[in-house]
Amino acid sequence: MRLTAEDHLFALTGAGISAESGLATFRGSGGLWNGHRVEEVATPEAWMANPELVWRFYSMRRRDAMAAEPNAAHFALAAVEEQLGDRFYLCTQNVDDLHERAGSQRLHHMHGTLFASRCVRCNRPFADRAFYESVKALPACSVCGRAVRPHIVWFGEMPLDMDGIYSQLDRATVLLVVGTSGSVYPAAGFVQIARRRGIHTVYVGPEKPLNASSFSEILLGTAAETLPELFASV
Ligand code: APR
């Protein structure tokens, strides 16, 4: 992948970029949690049926993310952003905070973030790093008393700021996708949009994603091994 002074880079990351930081991906081995498929604890239906189970799942993920450190791939993206400035945009499907801890700034969490919660009624997100692991401990809104949920986009919900994402995709000249199985839309469709615009599209990961045929270039390798080398010439 070559980047020139005129290029605008749109990077999309998925669970695979945090794999080498020790955080499990969703669809690989270990994609189960206490015998539940992730889909069973990451839906509005799961929340309605069993908020305690859902909060135990996200409390565990908060713990895991807090214990993890950014890896060479997160740092490589932060370093390339320093070079490109406003010609760089990073959209992540991940809810961990490893990109920001590596120094990324032009970053959008399209599926929400682990370290915020929001009242189901007031809907305003607030910073939250607490663990809620029993029925008694479940949080309630300090303003209206209604339930507080994780600030996460669940299956069946609309990802955050799609307008902003599409306008960045419109100005991009290169799309780089890292560590995502290409199975969850709308993110899995970004490559088709980019392809229709005729821009260069690159995938980085140890195996081909489901939407592999839409990419101009596939680089098979792990994120932490591949990205620093990929950006070496920028
Ligand atoms: N480097 C790069 N990619 C890797 C690595 C690695 N070290 N290890 C695994 N991968 C790849 C796998 O090959 C797989 O294609 O990461 C991908 C992870 O895929 P998924 O587990 O499906 O995760 P993701 O695509 O991010 O899931 C999308 O689904 O569960 C929902 O909302 C959740 O954001 C998530 C969305």
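Trainee: What makes strand S6 (residues 112-119) and S8 a pair?

Mentor: S6 and S8 are joined in the antiparallel sense over four bridges, and pairing requires that DSSP find at least two bridges between two strands, so the two strands qualify as a pair. One such bridge links arginine 118 to arginine 149 in S8. Strands here are DSSP runs of E with at least two residues, and helices are runs of H or I with at least four, both numbered from the N terminus. This is a predicted model, in which local features need pLDDT of at least 70 and side-chain atom pairs pLDDT 80 or more, whereas totals for chains, interfaces and linings use all residues. Residues are numbered from 1 along each chain as its sequence is written, and side-chain values use heavy atoms, without hydrogens and water.

Trainee: Why is one side of S7 (125-127) and of S8 (148-152) left without a neighbour in the sheet?

Mentor: The open sheet of three strands runs S7-S6-S8 with antiparallel pairing, and S7 and S8 stand at its edges with a single partner strand each, so one side of each has no neighbour in the sheet.

Trainee: What makes serine 181 a polar contact of the ligand?

Mentor: A polar side-chain atom of serine 181 lies 2.5 Å from a ligand oxygen, and a polar contact is a pair of N or O atoms within 3.5 Å, so the pair qualifies. By the same cut-off, histidine 111 qualifies through a polar side-chain atom at 2.9 Å from a ligand oxygen, and alanine 15 through a polar backbone atom at 2.8 Å.

Note on methods: A polar contact is a pair of N or O atoms within 3.5 Å; within protein, one must be able to donate a hydrogen and the other to accept it, and residues adjacent in sequence count only if both atoms are side-chain atoms.
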